[in-house]
Amino acid sequence: MKVALYVGIAGAIGALSRVAIGEFLHGLTVFPLATFIANMIGTFLLCLLGGGLLQRFVQNGTAQTAVTTGFFGSFTTFSAVSMETVDLFQRGNGMIASSYLLASVTVGLYLGFVGMRLGRKWVRA
């Protein structure tokens with residue numbers, strides 16, 4: 001029960017952080033910039049921590065789950081990418097939808113790779 005409580009608290013913080021990014025960037029462009037930025041930041045940081053930093057500095061498994069599943073699980077979301085992509089296509093913005101999807105996958109994978117390498121490098125240092 002303790003794990004669920006901590007995941008819920010961290011999840012609320014992650015969701016509120018994501019909403020703050022959305023509010024800050026609201027209405028700037030048709031491109032879903034807020035989701036893209038949240039997902040890229042979250043991907044990089046999750047992979048950085050997942051590369052070993054989190055395990056090295058946080059021994060408590062409950063805290064690790066709260067950070068990874070709770071915070072980053074609510075801060076980032078693939079379902080929003082899917083919904084926004086479908087919405088863009090349905091509104092006739094096929095080029096933006098395609099660019100968004102391609103950028104989300106390619107930039108996300110790149111940032112994940114860089115984050116994981118840095119995390120592993122820093123753990124060995």
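**Entry 1: lining of the largest pocket**

I looked up which helices line the largest pocket in this predicted model. Helix H1 (2-25), helix H2 (33-57) and helix H4 (78-90) each contribute at least two residues. H1 gives the most, with 5 residues. I noted a volume of about 410 Å³ for this pocket. Its lining holds 20 residues, and His26, Pro32, Ala34, Thr35 and Glu84 lie nearest the centre. I then sorted the lining of the largest pocket by residue class and got 10 nonpolar, 5 polar and 5 charged.

**Entry 2: the second largest pocket**

I went on to the second largest pocket, which holds about 240 Å³ of space. Which helices supply at least two residues each to its lining? I found H2, H4 and helix H5 (94-124). H5 has the largest share here, 5 residues. I listed the lining residues as Asn39, Met40, Thr43, Thr76, Thr77, Phe78, Val81, Ser104, Val105, Gly108, Leu109 and Gly112. By class, the lining of the second largest pocket divides into 5 nonpolar and 7 polar residues, with no charged ones.

**Entry 3: the largest nonpolar core**

I looked up the largest nonpolar core and found 7 residues: Phe36, Met40, Val81, Leu88, Ala97, Tyr100 and Ala103. H2, H4 and H5 each supply at least two residues of this core. The largest share, 3 residues, comes from H5. I marked Met40 and Val81 because they belong to this core and also line the second largest pocket; core membership requires a buried residue, so I put both down as buried.

**Entry 4: contacts of Met40**

Having met Met40 in the core, I checked what this residue touches. Leaving out residues up to four places away in sequence, I recorded Ser104, Val107, Gly108 and Leu111. Among these contacts of Met40, Ser104 and Gly108 also line the second largest pocket.

**Entry 5: salt bridge**

How many salt bridges does the structure hold? I counted 1. Asp87 pairs with Arg91, and the closest N and O atoms are 2.9 Å apart. The pair falls under the salt-bridge heading because the cut-off between a side-chain nitrogen and a carboxyl oxygen is 4 Å.

I then asked whether each partner is buried or exposed. Asp87 has a relative accessible area of 31% and is therefore partly exposed. Arg91 reaches 62%, so I entered Arg91 as exposed. The limits I used are under 20% for buried and over 50% for exposed.

Technical notes: Residues are numbered from 1 along each chain as its sequence is written. This is a predicted model: local features need pLDDT of at least 70, side-chain atom pairs count only at pLDDT 80 or more; totals for chains, interfaces and linings use all residues. Side-chain values use heavy atoms; hydrogens and water are left out. On a 1 Å grid over the protein atoms alone, a cavity is a set of points where a 1.4 Å probe fits but cannot get out, and a pocket is an open set with protein on both sides within 12 Å along at least five of seven lines; lining residues have an atom within 4 Å of a point. Grid points are joined across faces, edges and corners, and a volume is the space filled by probe spheres set on the points. Helices (H or I, at least four residues) and strands (E, at least two) are DSSP runs, numbered from the N terminus. Ala, Val, Leu, Ile, Met, Phe, Trp, Tyr, Cys and Pro count as nonpolar, Asp, Glu, Lys and Arg as charged, and the others, Gly among them, as polar. Buried means under 20% relative accessible area, exposed over 50%, partly exposed in between (1.4 Å probe, protein chains only). A nonpolar core is a set of buried Ala, Val, Leu, Ile, Met, Phe, Trp, Tyr and Cys residues joined through side-chain atoms within 4.5 Å. Contact means heavy atoms within 4.5 Å.
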